[in-house]
Amino acid sequence: MNRTSISDSKKKGVPVSPAVVANPSPANKTKTEVSYKGVHRAVVSVDESQRTCQVKYGSYCLWREENKEPMKDAKVKHMKDLLFVARAYYPSIAKMPSQSKLTRDMKQNIQEFERILSESSADGDLPPQVDKKFEKMEGVISKAKSFPVDCNNVDKKLRQILDLTEDEASFHMKQSVFLYQLAVQTMPKSLHCLSMRLTVEHFKSGSVDIEDSEKFSDPSLLHFVIISDNILASSVVINSTAVHARESKNFVFHVLTDEQNYFAMKQWFIRNPCKQAAIQVLNIEKMEVDQSDMKLSLPTEFRVSFPSGDNRTDYLSIFSRSHYLLPKIFRKLRKVVVLDHDVVVQRDLSPLWELDMEGKVNGAVKSCSVRLGQLKSLKRGSFDANACLWMSGLNVIDLARWRELGVSETYHKFYKQMSSGDEPREAIALKASLLTFQDKVSALENKWALSGLGYDYYIKPQTIKNAATLHYNGNMKPWLEMGIPQYKSYWRKHLNREDGFLSDCNVNP
């Protein structure tokens, strides 16, 4: 949930999670190369304005460079510049009685440019002989510059040009960022169509899903939990996990979704079973759990910006409120692996059940590029400032230990204590989650998960190949048109394109 700023987004009606500003890390001041969980970023020559843009607007600036198009109004903009300069010199020239001819020529050219610009917004709208008009205007401006003029008047006009240009640039940047964020957060029309078609099909066909309830509660099997409202994303996670399993018959997938997508999700997996794996779709809003807030809540992503040093930007994803319901929803299970719906699996995940978590609750890959003490939103308190942050995406959860330590109760206590101010809910949830799991996270080896495929353009192919799971955290999700092109193939190859509804709804990630 990469956002520009809270105030701007509130005005535009876009739900926000605040960007988390991090203090510069004293151990990471180099600007030549940054190592991030085995990812070696290429050295890129970027000017200071581009760095500032990336810190302020995040992955939008990278996407903008990747999708830059040639200007279609370069000549129109040049005409506007010449018009401003001519207007700046005209009052001084008009006061010179000996330069009546130059005054008439300047006035004529200014009027001609004003007429053309009133009818033209792009270069294609300009008249055929516009180049000759450029020459005439440049000629009279050159003559005007050879005479002594009133510098105050010229200075005033040129400052107007500067102010207008800055205002226009700022407006277009904010407008572009808003539209980018809107495209990121809004479900594509094709996916909405797919969900509707599947829901109608479910009730028309009277589909009866064959469920083995014994498997869904058998603690001896390997259970995966996916919290999602995205049918295709959930399908790719399950397909990629099952296809790399040594024995998919031992794999059980539980998809937690909302009421709106429940029947569509069920129908999809009835139409598209996954090898021998068992798949259970649950409507979280109808779960019989003693909890007031039963709305589906997806993992929240925060943009972490480093304003100084190497001016890098990272994305941090954490557990949502729905994650803290898992021990109550799966009362008979002792251990589960939670996968975010923007994950692709490339290895067999069975060994995760054999890990010794040493009494910890949450097995996760830690990111030491960001430490707790660097987050300005966390007030100094009872936490280790040098502790590395952990990520959602791939998490091994010891539910038995979770219940024993009362992790959900601890989270709700922290959340309630921090809710007295005016901070957004997402910011409170971030702090509550980080403090709740302090000293309760077992670090997984970096090979288990690679993050950054939703915002980092410079991950090496060999690094991607060596990772067990790929996490598309960031704004550029692989099912969106603005996903990073070189990473889409890893996600797309696990999508079942033979389903007729995909072509009917023009789904082409």
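Student: What makes a stretch of this chain a helix or a strand, and how many of each are there?

Tutor: Helices are DSSP runs of H or I with at least four residues, strands are E runs of at least two, and both are numbered from the N terminus; on that basis the chain has 18 helices and 15 strands. This is a predicted model, in which local features need pLDDT of at least 70 and side-chain atom pairs count only at pLDDT 80 or more, while totals for chains, interfaces and linings use all residues. Residues are numbered from 1 along each chain as its sequence is written, and side-chain values use heavy atoms, with hydrogens and water left out.

Student: Why are Val76 and Met79 of α4 called buried?

Tutor: Buried means under 20% relative accessible area (1.4 Å probe, protein chains only), and Val76 and Met79 are among the buried residues of α4, as are Leu83 and Tyr89. Across the chain, buried residues make up 51% of the 509 residues.

Student: How do you know that the span of α4 is close to the expected one?

Tutor: The expected span is 1.5 Å times one less than the number of residues; α4 (residues 74-94) has 21 residues and reaches 30 Å from its first C-alpha to its last, close to the 30 Å expected.

Student: What makes a set of residues a nonpolar core, and which residues have the most contacts inside the largest?

Tutor: A nonpolar core consists of buried Ala, Val, Leu, Ile, Met, Phe, Trp, Tyr and Cys residues joined through side-chain atoms within 4.5 Å. The largest has 62 residues, and those with the most contacts inside it are Phe224, Leu232, Phe253, Leu339 and Leu394. Helix α10 (residues 231-243) gives the most to this core, with seven residues.

Definitions and conventions. Buried < 20%, exposed > 50% of the residue type's maximum accessible area, 1.4 Å probe, protein only.
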